[in-house]
Amino acid sequence: MISVAAETTDLLVSLGVAPARLTGGDLAARSPITGEVTARLARYDAAAVASATKRAVAAFLVWRSVPAPRRGELVRLFGEELRANKAPLGRLVTLEAGKILSEGLGEVQEMIDICDFAVGLSRQLYGLTIATERPDHRMMENWKPLGPVGVISAFNFPVAVWAWNAALALVCGDPVVWKPSEKTPLTALAVQSLFERAVAAFRAQGHAAPDGLSAVLIGGRELGEALTDDPRLPLVSATGSTAMGREVGPRLARRFARALLELGGNNAAIVRASADLDLSLRGVAFAAMGTAGQRCTTLRRLFVQEAVYDPFLDRLKRAYASVAVGDPRQEGVLVGPLIDRAAYDAMTRALDEARAMGARVTGGERVEAGGPDAYYVRPALVEIDAHAGPVLTETFAPILYVLRHERLEDAIALQNAAAQGLSSSIFTNDLREAELFLSERGSDCGIANVNIGPSGAEIGGAFGGEKETGGGREAGSDSWRAYMRRATNTVNYGAALPLAQGVRFEVE
């Protein structure tokens, strides 16, 4: 089999990335599949950030005046590039992020889907006409392009989250400056190359597209800090840990910029006695083990009603023991590697802390695969009595804490006791239980599901959560409004000048 490094280079070149960009730098890109170095990239500095932002500002002054449906045409062409290159880009996601092949392809499909959504949206950036108390007046609100947008993305969805932001930003009239995770920079270079192809096709149709509509900045946290502090970026969308959000949010607030934060998620599911246990098992297994537990929507806490606890846990243990862990390129493998040693160490610490509390741990051991610098683990089931300690900490690894409950209200209270509020679900065939869970007395999360797990969101709905998840919303619904500014306009088409609220101010 060809080495991961050689295959990565071949894919990047096929996607239009110049080979010279992959060597000679001091940022080592690694594949979690084997731990081997796949490229050595040059790091950008603060001056490069300033230059990219300057180009984005210049691009904005042109792009904001291009009609929105025409801006949508560029995004449509980008979606076509993604369709034509879904297989190689999806494979590259697998090599760089360690996702199984179907998940790598699924991430590219998310990009395609959000492009389709954004193209339709380009003809639906609706304002309102508002009733006014003054005769011969019309009051309305409409939406204008906001300005260049900074995007800081995480390793676990190295390209899809950027696309959620970029597709909407571009149809709304905003250029994008992107700082990808330093753990997954290569997929960003490939996506930028495909976007440049779309721009070339757009221009070939006779449309004007300024330079600087999209830029990729390769480097560490210092680049994210520079984007966050740049007054020319009125919005920064940042995806990552709650700790990162605690730094980014206040810095943006100091300069009165908008923050779109999608942060941690200590997600929970409730299994009730009335549930279809076959369906529940499949839903829990994917949500807890998919992407090796490295989704922000990964299921981390499971509350099972007492009456079905033992039979359900027996089946879940068998599923955990049988799931194939290994090289994500291989057919039948469902759990690939952790991203790096730091993730493995964090998982080990969490399991040690749980054992010290008397928890019973099934799985969690390291699986020998990929070599000494690759970190594969068997997903861990942790039966624990106390909703405390590591249970209340988001560990980005396949650990599922399982607790008993009897009253639904108690399970909901425990679910909502987490600091984060991203995603949640209940498995039940009782309509009253489902509706209570979805009510104002139920889940306090931004995503609340019935009879599906908390992960696997579609782009049509707004994605994000409450509390320490950050409050931001990306992708569908009306999330586009984050990338625009609202103006309220009043037009007097009469000859008189009545004032609102009955105010009189007469002058000669």
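## Strand β8 and its surroundings

In this predicted model, strand β8 (residues 235-239) and strand β9 (residues 258-262) run parallel and are paired through five bridges. Within that pairing, A238 sits opposite L261 of β9. To get from β8 to β9, the chain passes through helix α9 (residues 242-254), and the resulting β-α-β crossover is right-handed.

β8 has another partner too: strand β5 (residues 149-152) is joined to β8 by four bridges, again in the parallel sense. Here G150 has V236 as its bridge partner in β8.

How covered is β8? Five of its five residues are buried. L235, S237 and T239 are buried on one side, while V236 and A238 are buried on the other, so to speak leaving both faces covered.

Let's move along to a residue in β9. E262 lies in that strand, and UniProt lists E262 under "active site" in an unreviewed entry. Is E262 buried or exposed? Buried means under 20% relative accessible area, and E262 has 2% relative accessibility, so it counts as buried. Beyond its neighbours within four places in sequence, E262 is in contact with A238 and T239, along with G240, C296, L422, F463, T469 and E474. Of these contacts, A238 and T239 are also among the buried residues of β8.

A second buried residue makes a handy companion to E262, and the table sets out the two.

| Residue | Place | Relative accessibility |
|---|---|---|
| E262 | strand β9 | 2% |
| D327 | loop between α11 (306-322) and α12 (341-356) | 13% |

D327 reaches the side chain of R329 with its own side chain, in a polar contact of 2.7 Å. Setting aside neighbours within four places in sequence, D327 is in contact with I33, V333 and Y376.

Finally, a look at helix α3 (residues 68-84). Why does its span agree with expectation? At 1.5 Å a residue, its 17 residues should span 24 Å, and the end C-alpha atoms are 25 Å apart, which agrees. Buried residues of α3 include A68, R71, G72, E73, L74 and V75, with L77, F78, G79, E81 and L82 further along. These buried residues pack against the helices α2 (46-63), α4 (86-97), α5 (101-121), α6 (160-171) and α7 (185-204), as well as the strand β4 (137-145).

Terms used: Residues are numbered from 1 along each chain as its sequence is written. This is a predicted model: local features need pLDDT of at least 70, side-chain atom pairs count only at pLDDT 80 or more; totals for chains, interfaces and linings use all residues. Side-chain values use heavy atoms; hydrogens and water are left out. Buried means under 20% relative accessible area, exposed over 50%, partly exposed in between (1.4 Å probe, protein chains only). Two strands pair if DSSP finds at least two bridges between them. A crossover is right-handed if, with the strands pointing away from the viewer, the path from the first strand over the helix to the second runs clockwise. UniProt positions are given in the numbering used here, feature names are shortened, and annotations may be inferred rather than shown by experiment. Contact means heavy atoms within 4.5 Å. The expected span of a helix is 1.5 Å times one less than its number of residues. A polar contact is a pair of N or O atoms within 3.5 Å; within protein, one must be able to donate a hydrogen and the other to accept it, and residues adjacent in sequence count only if both atoms are side-chain atoms.
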